[in-house]
Amino acid sequence: MRRFATPVLLTLAVGMITICIALAAVSAALQHPHLGLRLAIPDAGPGLLIRQSDIPDAEIPAGSRLLAIGSARDPSVPVSDVTLIEEPDTLSDYETMQAFRADQHRLSQVLRDGKVTLHLLLPEGQIEQVSLQPAPRRSLSSLPPVFWVQILTGVFAVGFGGWVWALHPRRLPQLMLLTVGVGLQMAANAAAIYSTRELALPQNYLAWLGGTNQIGAQIFGAGILGLFLCYPRRIAPRWVVLGQLPLVVGWALVNQAGLIHSNAIGFQLPTILILLGAILCTFCQIRATRGDLPARAALWIIGICTGLGTGSFVLTRSLPALLGLPLAFPQGYAFALLGIVYLGFARAVLRHRLFDVERLALHTLFYFTGAALLLLIDAALVLLLSLDQVPALGISLFFVGIFYLPLRDATARALLKRRRKAQPISELVRAADEVAFARNDECRRKRYEKLLALEFGSLSIEPLPEGEAVTLPRITQEGIALLLPAVPPLPAYRLRWRDDGRRLFSPMDLSRAEVICTVLQQLLEGRRAYRTGANDERTRIARDVHDNIAVHLLGALHSPLSSRKDELIRETLADLRRIIEDGDRQPDAELSEILGELRHDLAELLAVTGIALDWPTTPDTGLRLPDPMAHALRSILREAVNNARRHSGCSRVTVRIEPRPEMIRVSIADDGRGIPAEVLRGFRAGVTSNDAPGHGLCNMRARVARLGGTLELSQAPGGGVLIEALLPRADTEVQQRAAE
């Protein structure tokens, strides 16, 4: 049994059953003779008004009156406004109901006798008799729209209720919702058949339909009462919730059996008692859901839809009847209004988007109140001042616009005055900026939590566990919690209970959370970009100071001539200025001039320590180098020669510069003790130590890589160190990026 009782199969089973019931109701409505007349109850005068005649063999002018109908068995059976009464349950007592059914049965027998005679009062005042043969059954096209409204309302009620029930078959609220749908379909299908009859139905058939309608209506009311007893909170034992169903059904059966003389006691009294019981349960639910915002929101939905459905019924049915105004539409359409009530219950039981109920409640309240006020003022002007409908409607619109709309806005402000106001966007950006540029992650988290507390007023703000991933802000737990995604290095958060527990999170809060996360992410990315740029700038300055300034200062320190010291110090200051103003593009420099200055400076530096420099003059090719390449060439030569002077213990340094069409090849070799094996392995593996030689090698490789070249480190043929660099000469995007 459990294997097949899945929600899908249960929903399909309920859907198939309700469709079969609807088809049976349609078939039952067609199994009666059909005259081809569209009749209506006249405002005054005898008989029934013929609005339209679809009889092919007889021309009956519109506006004629049907006074009686006869056959060979019964020559004349009079008809009146009672003949077409839409809802027989409105008759006062059981005897009146039986008399109505007897008249219906007599007319039904006449229609089934074959050829019938219509006694007509023509618009000109003449009496005329028309004989015709009724069709043996009605056609689908003869069923009015109100019939289909009632049938479809029943199908929707049971189908939707069956789906909700199939999700949790053993829960009382779902069972009561299905019960409401079953009652609504029973009442709607039965009423659809007898309220849209052409003229008459057999007595027993009519009694059966009336009983089904009353029992369905009582089941509908008992289901609503049962829902209020167990939802959103159960305020009565299970046996009370379920026990009232057989009680009301039994009462309806007793009333149908004629044991209760007054229809007001047999049908209207239990309806009123159920309504009073539902109102009492509503107050009990308000008290029971105190402090439970999702349950209170579900109760809001039930109250809104119930008030909307029943209020619409009162405005369109009860109020016009009380004021003596014509009804706006047939009573069958009232089942669609009851469908609104049912839809509210279904949505509440599903507990879908309860966090959006506050806005829905206010909008429904305002629009419904405005419509009701407009109708009341219009009716009062028509009845009390005897104005025509058009001027009365204009005056009503004027009063609603002048008085009601300002009152509505004031009421909305009063209802929402306790809602926490959102921070201006400028304050929000300022607070997010303080979060992004906090001194450390701990301070950043504290400022972020303070921002969230100030924005949403949540009772609880807690980081989510690492395993719980959130990619976008979303509302969970029916509006109790708001989840915010992680904005590295900040974790993801769960916020609970909006405005100190007074409200649920709403779509507006979700939009605000998305704005906060987006602004904060952009600021954090800007902070990371700023710190990356600052670190790159510090690295560039440290590299230039290490590779260039140190060589000039060492040369000035060891130079015996004061004029040379002054020259080297001036060059040092010039290099410092260039390092600081690196963003400014320098003009291209000639290769021969660059190499001549370097050869002079480096030879002087090596001569102090007794190291010979083997650097033949490079032929003047007229080649000019862009500033990034010239700066890299100077730095590589200075760093490589200075490293040989400091660490190799050599007696000679050999430098070769080979300008080629596509690149410049630079090699620096010494005849010293060679490079340590661990430094060589680390260089080839891409890892360099932080000591002097390792750091210098790292700087040289970084400079060459920025230009798109290569740097190789190996043992020289004479046992020393050989450094070879290839610097591309083409004006490529790599050099453009290096210049930036």
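1. Arg430 and Glu427 form a salt bridge in which the closest N and O atoms are 3.0 Å apart. The structure is a predicted model, and this pair, like everything below, should be read on that basis. Both residues belong to helix H12 (residues 425-436); because they are three residues apart there, about one helical turn separates them. Arg430 is partly exposed, at 45% relative accessibility. Glu427 is also partly exposed, at 37% relative accessibility.

2. A second salt bridge joins the side chains of Arg494 and Glu462, at 3.4 Å from N to O. Arg494 sits in strand S10 (residues 493-496) and Glu462 in strand S7 (residues 460-463), so the contact ties together parts that are 32 residues apart in sequence. Is each partner buried or partly exposed? Arg494 is buried, since its relative accessible area of 14% falls under the 20% limit. Glu462 has a relative accessible area of 28% and is partly exposed.

3. Glu658 pairs with Arg665, with 3.2 Å between the closest N and O atoms. Glu658 is partly exposed, at 32% relative accessibility. This pair should be read together with its surroundings: Glu658, Arg660, Arg665 and Glu724 are linked in a network of salt bridges. For the structure, the count of salt bridges comes to 14.

4. Turning to the interior, the largest nonpolar core has 49 residues, and Phe147 and Phe228 have the most contacts inside it. At least two residues of this core come from each of helix H1 (7-30), helix H2 (94-111), helix H3 (145-167), helix H4 (172-195), helix H5 (203-230), helix H6 (238-256), H7 and helix H8 (293-323). H4 gives the most to this core, with twelve residues. Another core, of 41 residues, lies apart from it; among its members are Leu625, Ala640, Phe683 and Ile723.

5. A nonpolar patch on the surface deserves a look. Trp251, Ile265, Leu269, Ile272, Leu273, Leu275, Leu276, Ile279, Phe283 and Ile286 form this patch, and together they have about 940 Å² of accessible area. Which helix supplies the largest share of the patch? Helix H7 (residues 263-288) does, with nine residues. H7 is also among the helices that each supply at least two residues of the 49-residue core. Ile279, one of the patch residues, is found in H7. The relative accessible area of Ile279 is 40%, so this residue is partly exposed; that value is over the 30% that patch membership requires.

6. On cavities, a search of the whole structure finds eight of 30 Å³ or more. The second largest has a volume of about 100 Å³. Which residues line the second largest cavity? They are Ala29, His32, Pro33, Leu111, Arg138, Ile193, Thr196, Arg197, Glu198, Leu199, Ala200 and Leu201. Of these lining residues, Ala29 falls within the range of H1, Leu111 within that of H2 and Ile193 within that of H4.

7. A last point concerns a loop. Gly125 is found between strand S5 (116-121) and strand S6 (127-132). Gly125 counts as partly exposed, at 46% relative accessibility. Gly125 and Arg65 are 60 residues apart in sequence, and their C-alpha atoms are 9.7 Å apart in space.

How values were computed
Residues are numbered from 1 along each chain as its sequence is written. This is a predicted model: local features need pLDDT of at least 70, side-chain atom pairs count only at pLDDT 80 or more; totals for chains, interfaces and linings use all residues. Side-chain values use heavy atoms; hydrogens and water are left out. Patches are made of residues with over 30% relative accessible area and no salt bridge: like charges are joined within 9 Å, nonpolar side chains (Val, Leu, Ile, Met, Phe, Trp, Tyr) within 5 Å. Accessible areas come from the Shrake-Rupley method with a 1.4 Å probe; for residues, only the protein chains shown count as cover. A salt bridge is a side-chain nitrogen of Lys or Arg within 4 Å of a carboxyl oxygen of Asp or Glu. Helices (H or I, at least four residues) and strands (E, at least two) are DSSP runs, numbered from the N terminus. Buried means under 20% relative accessible area, exposed over 50%, partly exposed in between (1.4 Å probe, protein chains only). A nonpolar core is a set of buried Ala, Val, Leu, Ile, Met, Phe, Trp, Tyr and Cys residues joined through side-chain atoms within 4.5 Å. On a 1 Å grid over the protein atoms alone, a cavity is a set of points where a 1.4 Å probe fits but cannot get out, and a pocket is an open set with protein on both sides within 12 Å along at least five of seven lines; lining residues have an atom within 4 Å of a point. Grid points are joined across faces, edges and corners, and a volume is the space filled by probe spheres set on the points.
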